[in-house]
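Welcome, and take a moment to turn the structure around before you read on. The briefing below goes through it topic by topic.

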Amino acid sequence: MSFIGNFAAAQSAKAIGKYNSDLYYQQAQLAKKKADINLKTYNQVTRPLFVKNAKKQYSQFKVAAYNSGAEFREGDSPYLAALEFNINQATDLAILDYNAEMDNQDQINQSILLQAKGVGERFKGDLTARTETMRAFGSLLSTGQKFGMIG
């Protein structure tokens with residue numbers, strides 16, 4: 001009579017595999033949504049704020065240079081210092097953009113991995129269900145042979 005338990009185990013394995021698969025799918029969707037929100041926040045809040053602050057800092061730099069009495073002419077030290085200031089700010093912005101893109105890609109990759117785990121859980125549940133079903137039929141055949149029902 002163990003075949004009844006095997007059939008029950010098969011159904012349970014299938015149900016657990018589906019549940020785990022659905023759970024990982026939901027986690028993957030949440031991770032993807034979080035990645036989208038983070039990138040949108042960077043593009044609409046963090047990046048514009050950095051650009052605004054960079055412009056303010058450059059303006060303060062130029063005012064300080066003018067207040068010092070130095071002339072702003074191409075090739076002179078104040079001009080070269082301003083040029084370096086702009087290059088450093090542009091480099092910082094490029095680094096911020098790169099890091100935001102890499103973070104977004106990492107979060108999307110994590111969501112894809114979660115989906116793959118869900119597929120694996122479904123597959124594992126299906127395999128366990130098949131194994132238990134085979135055991136149940138084997139037990140059923142064995143029981144039938146014992147009682148002379150199967151020749």
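Here is a friendly tour of helices, aromatic rings, charged pairs and a surface patch.

Please keep in mind that this is a predicted model. It holds eight salt bridges, and the count of aromatic pairs comes to four. Two helices come up again and again: α1 covers residues 2-67 and α2 covers residues 77-146.

**The helices**

- Helix α2 is built from 70 residues, and the distance from its first C-alpha to its last is 102 Å. That is close to the 104 Å expected at 1.5 Å a residue.
- Just after α2 you will find Gly 148, which takes a positive phi of about 75°.
- Leu 23 sits in helix α1, and at 37% relative accessibility Leu 23 counts as partly exposed.
- How far apart in space are Leu 23 and Val 45, C-alpha to C-alpha? They are 32 Å apart, with their positions 22 residues apart in sequence.

**Aromatic pairs**

- There are four aromatic pairs to look for. In one of them, the ring centres of Phe 7 and Phe 137 are 5.4 Å apart and the planes stand at 85°, so this pair is edge-to-face.
- Why does the pair of Phe 7 and Phe 137 tie together parts that are 130 residues apart in sequence? It does so because Phe 7 lies in helix α1 and Phe 137 lies in helix α2.
- Phe 7 has a relative accessibility of 28% and counts as partly exposed. Phe 137 has a relative accessible area of 45% and is partly exposed as well.
- Another pair is made by Phe 61 and Phe 85: the ring centres are 5.0 Å apart and the planes are at 15°, so the pair is stacked. To follow that reasoning, remember that planes under 30 degrees apart count as stacked, while those over 60 count as edge-to-face.
- The pair of Phe 61 and Phe 85 links distant parts of the chain, with Phe 61 in helix α1, Phe 85 in helix α2 and their positions 24 residues apart.
- Phe 61 is partly exposed at a relative accessible area of 23%, and Phe 85 counts as partly exposed at 23% relative accessibility.
- Tyr 58 joins in too: Tyr 58, Phe 61 and Phe 85 form one aromatic cluster.

**Salt bridges**

- Side chains of opposite charge can pair when their charged atoms come close.
- The structure has eight salt bridges. One of them joins the side chains of Asp 22 and Lys 18, at 2.8 Å from N to O.
- Asp 22 and Lys 18 are four residues apart in helix α1, so about one helical turn separates them.
- Asp 22 is partly exposed, with a relative accessible area of 34%, and Lys 18 counts as partly exposed at 41% relative accessibility.
- Asp 22 also forms a salt bridge with Arg 122, where the closest N and O atoms are 3.8 Å apart. This pair links distant parts of the chain, as Asp 22 is in helix α1 and Arg 122 is in helix α2, 100 residues apart.
- Arg 122 has a relative accessible area of 31% and is partly exposed.
- Asp 76 forms a salt bridge with Arg 73, and the closest N and O atoms of that pair are 3.3 Å apart.
- Asp 76 is partly exposed at a relative accessible area of 26%, while Arg 73 counts as partly exposed at 48% relative accessibility.
- Which residues are joined into one network by salt bridges that share partners? They are Lys 18, Asp 22 and Arg 122.

**A buried glutamate**

- Is Glu 132, which lies in helix α2, buried or exposed? At 12% relative accessibility, Glu 132 counts as buried, because buried means under 20% relative accessible area.
- The side chain of Glu 132 makes a polar contact with the side chain of Arg 135, at 2.8 Å.

**A nonpolar patch on the surface**

- Leu 80, Leu 83 and Ile 87 make a nonpolar surface patch of about 260 Å².
- Leu 83 belongs to helix α2 and, at 37% relative accessibility, counts as partly exposed.

Terms used:
Residues numbered from 1 in each chain as written. Predicted model: local features only at pLDDT ≥ 70, side-chain atom pairs only at ≥ 80, totals over all residues. Heavy atoms only, no water. Phe/Tyr/Trp six-rings, centres within 6.5 Å; stacked < 30°, edge-to-face > 60°. Buried < 20%, exposed > 50% of the residue type's maximum accessible area, 1.4 Å probe, protein only. Patch = residues over 30% accessible without salt bridge, like charges linked within 9 Å, V, L, I, M, F, W, Y side chains within 5 Å. Areas by Shrake-Rupley, 256 points an atom, 1.4 Å probe, with all protein chains shown as cover. Salt bridge = Lys/Arg side-chain N within 4 Å of Asp/Glu carboxyl O. Expected span 1.5 Å × (residues − 1). Polar contact = N/O pair within 3.5 Å; in protein donor to acceptor, adjacent residues only side chain to side chain.
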